Amino acid sequence: MAGTETPIGIYAAGSLRNALPALAKAFGAMTGSTFEVRHGPAGLLRERIEAGERPDLFLSANLAHPARLAEAGLARPPIIFARNTLAAIVRKDAGITTENFVDRLLAPDVAIATSTPLKDPSGDYAWEVFHNIEAIRPGAFAMLEAKARKLVGSGEPANPPGNYDVIADALKAGTATLFLGYRTGLGPLAAKLDGVEVVAIPPEVNTFPRYGMAVLNDCSGAGMAFALFILSVAGQKLLADFGFQPAALPAAACN
């Protein structure tokens, strides 16, 4: 009977908190499958799997964490299933624009907030931006690393993963002037807050996250079918509805 099988186990990045339920609902409507989902920083989820926990699928906001599982013999090699863009949510009174972004980021009065590198890919991507700025402004990386306050991603979250309450509080209080994070999450956050806006990071210093899916070795048939659904036209359309970019880049983008 449909729906009586063991639920499909998914460990997923917090930034998929809104998109994944839509994917699961659409797949469940077709197959009767149910899901057990754990969201969190991808690095911490990877550590849980390494410690013995066994979901069917691991959906990470980068390729590095699922690749480590593959190298350890716990999963198949990761597949890119979505792309994102890093952006900044900023206090409007700080006067930060795309054009002056680098100068303002380095200014002493601008308080930077990020996720935690190594534990949360969002933090790793923020550090990539810092390194990219270093390439055009020698000495900038040390300044930015010293200034960056790691607001989220260091441990199991008290709030639902992907919930930006801590960031919202810091922006409202002025303890953070800006937060570097995924465009897919920052847009909805800015719509709920007064006095903030999302600013595009200059392309010459930005980074563009690739989301990696790892199929665990003991993945169920239903889990494998869901993995294929995510990569299907229907699955990619649902991800696009939540602001994600397609897994496969257009040919022009590869030239």
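This is a short walk through one helix pair and one sheet in the structure above.

Okay, hi everyone. Before we start, keep in mind that this is a predicted model.

Let's begin with two helices. Helix 1 covers residues 19–31 and helix 9 covers residues 221–231. Their axes are 11 Å apart, and the helices pack at an angle of about 120 degrees. So how do we describe helix 1 and helix 9 relative to each other? Angles from 65 to 115 degrees count as roughly perpendicular and those over 145 as roughly antiparallel, so this pair is oblique. The crossing of helix 1 past helix 9 is right-handed.

Now, who's touching whom? On the helix 1 side we've got L20, L23, A24, A26, F27 and M30, and they meet A222, A225, F226, F229 and I230 of helix 9. Sort that contact by class and you get eleven nonpolar residues, with no polar and no charged ones.

Right, on to the sheet. It's an open one with five strands, the pairing is mixed, and the order reads 7-6-8-5-9. Which strands stand at the edges? Those are strand 7, at 149–152, and strand 9, at 196–200. Each has a single partner strand, so one side of each has no neighbour in the sheet. Going from one strand to the next, the twist averages 35 degrees.

Let's zoom in on strand 7. Strand 6, residues 112–115, pairs with strand 7 in the parallel sense, over three bridges. If you want one to look up, A113 has R149 in strand 7 as its bridge partner.

Last stop: helix 8, residues 183–192. Helix 8 lies across strand 5 (86–91), strand 8 (178–182) and strand 9, and runs at about 130 degrees to strand 8.

Conventions
Residues are numbered from 1 along each chain as its sequence is written. This is a predicted model: local features need pLDDT of at least 70, side-chain atom pairs count only at pLDDT 80 or more; totals for chains, interfaces and linings use all residues. Side-chain values use heavy atoms; hydrogens and water are left out. Axes are lines fitted to C-alpha atoms, for helices over the stretch in contact, and angles run from 0 to 180 degrees between N-to-C directions. Helices (H or I, at least four residues) and strands (E, at least two) are DSSP runs, numbered from the N terminus. Angles under 35 degrees count as roughly parallel, over 145 as roughly antiparallel, 65 to 115 as roughly perpendicular and the rest as oblique. A crossing is left-handed if the near helix is turned anticlockwise from the far one by less than a right angle, and right-handed if clockwise. Contact means heavy atoms within 4.5 Å. Ala, Val, Leu, Ile, Met, Phe, Trp, Tyr, Cys and Pro count as nonpolar, Asp, Glu, Lys and Arg as charged, and the others, Gly among them, as polar. Two strands pair if DSSP finds at least two bridges between them.
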